[in-house]
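Visitor: Could you take a close look at the packing of side chains in this chain? Please start from a single residue in a loop and go on to the cores and the ring pairs.

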Amino acid sequence: MRREDGCLDEEDVARKLTPETRLLAVGAASNALGTINDVARLVKQAHAVGALAFVDGVHYASHHMADVRAWNCDFFACSAYKFYGPHVGVLWGRRELLEKLDAPRLEPAPSQAPDRLETGTLNHEGIVGAAAAIDFLASLSVADVPRRERLGRVSQCLQQRGAVLLRQLWDGLRAIPGVELYGLPPGGDRTPTVSFTLAGRDARDVATALAARGIFVSHGDFYASTVARVLGHERDGLVRAGCAAYTTAEEVERLVEGVRGLV
């Protein structure tokens, strides 16, 4: 990762992809910084040396419509809770690869994919909830077209709306003395997710003080410990705020005013 902008160091990736590489595991987007990677290019580089490509799309799927065919990846994972569904994991994989995986399996269980990975009683409520979340997103488009096309239109609209809110959030926080923002500025290839620190205040203290004002943000490393370490905040962590489908400009302004009030 490049410290100056939070982007993946693609030169480093190129050096590490050799004929001995078996698997490239890469995040589509950073849940800490919002940075989006060029997944299609990375997958192509992996395949060029004979490696498989696994894409972590947990953060990406909450802001963009994932397309495994366009990426040409071999595996893709995400979680429905990121796009307004329940806490249920999703794994997509090429059928021929799923059938070769050495997965723990009871003898009576099916040997064909995907059932060989889903032995026992399934999480039916999670499955139904995930489908409902997808239908909710599709319902935000009123056009009488297939669901996949509606999802694509909604994703595009939410990206445009998120970009406007991100600009408001970024510019508002940047104008506050002592605030340091991380990652790409608005206009870059990113999601509307912002991490920042406030000089002289621990990330937990900032989050706690904002919560007292009815403003809720995350703090810590968000399991992105490498990001926190590279940015020099492995101990005290970062403060993170993001824009979702229901976020309003008024809420963004409340957050900015809340941080300004702490100063």
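Loop, cores and rings

Guide: Leu117 is found in the loop between α4 (95-98) and α5 (124-139) (helices, H or I, of at least four residues and strands, E, of at least two are DSSP runs, numbered from the N terminus). The model is predicted, so local features need pLDDT of at least 70 and side-chain atom pairs pLDDT 80 or more, while totals for chains, interfaces and linings use all residues. Residues are numbered from 1 along each chain as its sequence is written, and side-chain values use heavy atoms, without hydrogens or water.

Leu117 counts as partly exposed because its relative accessibility is 33% (buried is under 20%, exposed over 50%, partly exposed in between; 1.4 Å probe, protein chains only).

Turning to the interior, the largest nonpolar core has 29 residues (buried Ala, Val, Leu, Ile, Met, Phe, Trp, Tyr and Cys joined through side-chain atoms within 4.5 Å). Within this core, Val55, Trp71, Cys73, Phe76 and Phe83 touch the most other members. At least two of its residues come from each of β1 (23-27), α2 (39-48), β2 (52-56), α3 (68-71), β3 (75-79) and α5. Leaving out residues up to four places away in sequence, Cys73 is in contact with Val43, Ala53, Val55, Val68, Trp92 and Arg94 (heavy atoms within 4.5 Å). There is also a second, separate core of 26 residues, with Val179, Val206, Ala207 and Ala209 among its members.

In helix α6 (residues 147-174) lies Ser155, which counts as buried because its relative accessibility is 9%. With residues up to four places away in sequence again not counted, Ser155 touches His63, His64 and Met65.

As for the rings, the structure holds 5 aromatic pairs (Phe, Tyr or six-membered Trp rings with centres within 6.5 Å; stacked under 30 degrees between planes, edge-to-face over 60, otherwise tilted). One of them, Phe54 with Phe75, is tilted, at 6.3 Å centre to centre and 35 degrees between the planes. This pair links distant parts of the chain, Phe54 in strand β2 and Phe75 in strand β3, 21 residues apart. Phe54 is partly exposed because its relative accessibility is 26%, whereas Phe75, at 9%, is buried.

Tyr84 and Phe136 pair edge-to-face, at 6.0 Å centre to centre and 85 degrees between the planes. Here Tyr84 sits in the loop between β3 and β4 (89-93) and Phe136 in helix α5, 52 residues apart. Tyr84 counts as partly exposed at 29% relative accessibility, and Phe136 counts as partly exposed at 39%. Elsewhere, Tyr60, Trp71 and Phe76 form one aromatic cluster; Trp71 and Phe76 were already named among the core residues that touch the most other members.
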